[in-house]
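Okay, thanks for coming, everyone. I've got a few spots to walk through, so have a look at this one with me.

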Amino acid sequence: MTGQAKAGRPNQLLRNLNSKIASIPMILTALVIFLGGTVWTVFYSFTNSKLLPRLSFVGFDQYKRLWAAPRWIVSIENLAVYGVLSLIFSLVIGFVLAALMDQKIRFENTFRTIFLYPFALSFIVTGLVWQWVLNPEFGIQSVVRSLGWTSFTFDPLYTPSIVIYGVLIAALWQGTGLVMCLMLAGLRGIDEDIWKASRVDGIPMWKTYLFIVIPMMRPVFITTLVIIASGIVKVYDLVVAQTSGGPGISSEVPAKYVYDYMFQAQNLGQGFAASTMMLVTVAIIIVPWAYLEFGGGRKRA
């Protein structure tokens, strides 16, 4: 009887065969292009490759030069400041906007479109727009001074100590709308009975959000966090469009460092080493997310 049951049971490898066959091109693409490219980059980061890749191994020399370069240190410091503030402000502003939109306000679709519209623009367009807005000659500073406040100064893109904050303003303007939409989708998934029960029990709305709603939206927050973090690590277009890394090297970021060394300085080995460090940064973000989303879920189950 058992043998007949086994004979009648379809082979696990043959289940959903059409879907598995259809996924073969994507699997090959991931293995050859993404995984293969990653291994190739890490491998040649230990070489002295210049204009073209070459098998001239120098050990960890490229990494020593990398961490001894002032430009790389500045780019890491900028990424840390930009990343922390971008995460905090994107989540806070996005959630607050979503909570306001969730109050069934009038013209909700119009406001949602307005907030999300900047995300449809490219980073280059956003950077050029905010370069104009923050220009002291005809931007915010010029407008405020024309109103009578002649001593008002606001030129972050031309002040080395605060230039990264000018880039941050443009990034928040573009990305906060997407965070709002993700949070709004999470809020709309909260059972209406929870809101009714909290009102019956006399729980203030801010406590309902803080102690009930936000914990229930944990998967939404984790996914949003990963999306924001991945955009932070690879920020490039916005910096190039607004400042080109200036004044001096005060707004350099790792992605620009990689591009400049690989395609302008013709130093592939140094560019590969910087790329590998960016890969490590991404892994630090992705691995905890994968554990929280999949590993933690299995243990709870």
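**A buried aspartate, then some helices**

So, Asp102 is buried, at a relative accessible area of 11%; buried means under 20%, exposed over 50%, partly exposed in between, with a 1.4 Å probe and protein chains only. Quick caveats: this is a predicted model, where local features need pLDDT of at least 70, side-chain atom pairs count only at pLDDT 80 or more, and totals for chains, interfaces and linings use all residues. Residues are numbered from 1 along each chain as its sequence is written, and side-chain values use heavy atoms, with hydrogens and water left out.

Where is Asp102 found? In the loop between H4 and helix H5 (108-116); helices here are DSSP runs of H or I, at least four residues, numbered from the N terminus. Leaving out residues up to four places away in sequence, Asp102 touches Leu184, Leu187 and Arg188, where contact means heavy atoms within 4.5 Å.

Those three bring us to helix H8 (residues 163-188). With 26 residues at 1.5 Å each, H8 should span 38 Å, and its end C-alpha atoms are indeed 38 Å apart; the expected span is 1.5 Å times one less than the number of residues. Still, H8 bends by about 40° at Gly175, that being the angle between axes fitted to the seven residues ending there and the seven starting there.

Last one: Ser122, in the loop between H5 and helix H6 (123-133). Ser122 is partly exposed, at 38% relative accessible area. From Ser122 to Ile285 is 163 residues in sequence and 24 Å in space, C-alpha to C-alpha.

Note on methods: Helix = DSSP H or I, 4+ residues; strand = E, 2+ residues; numbered from the N terminus.
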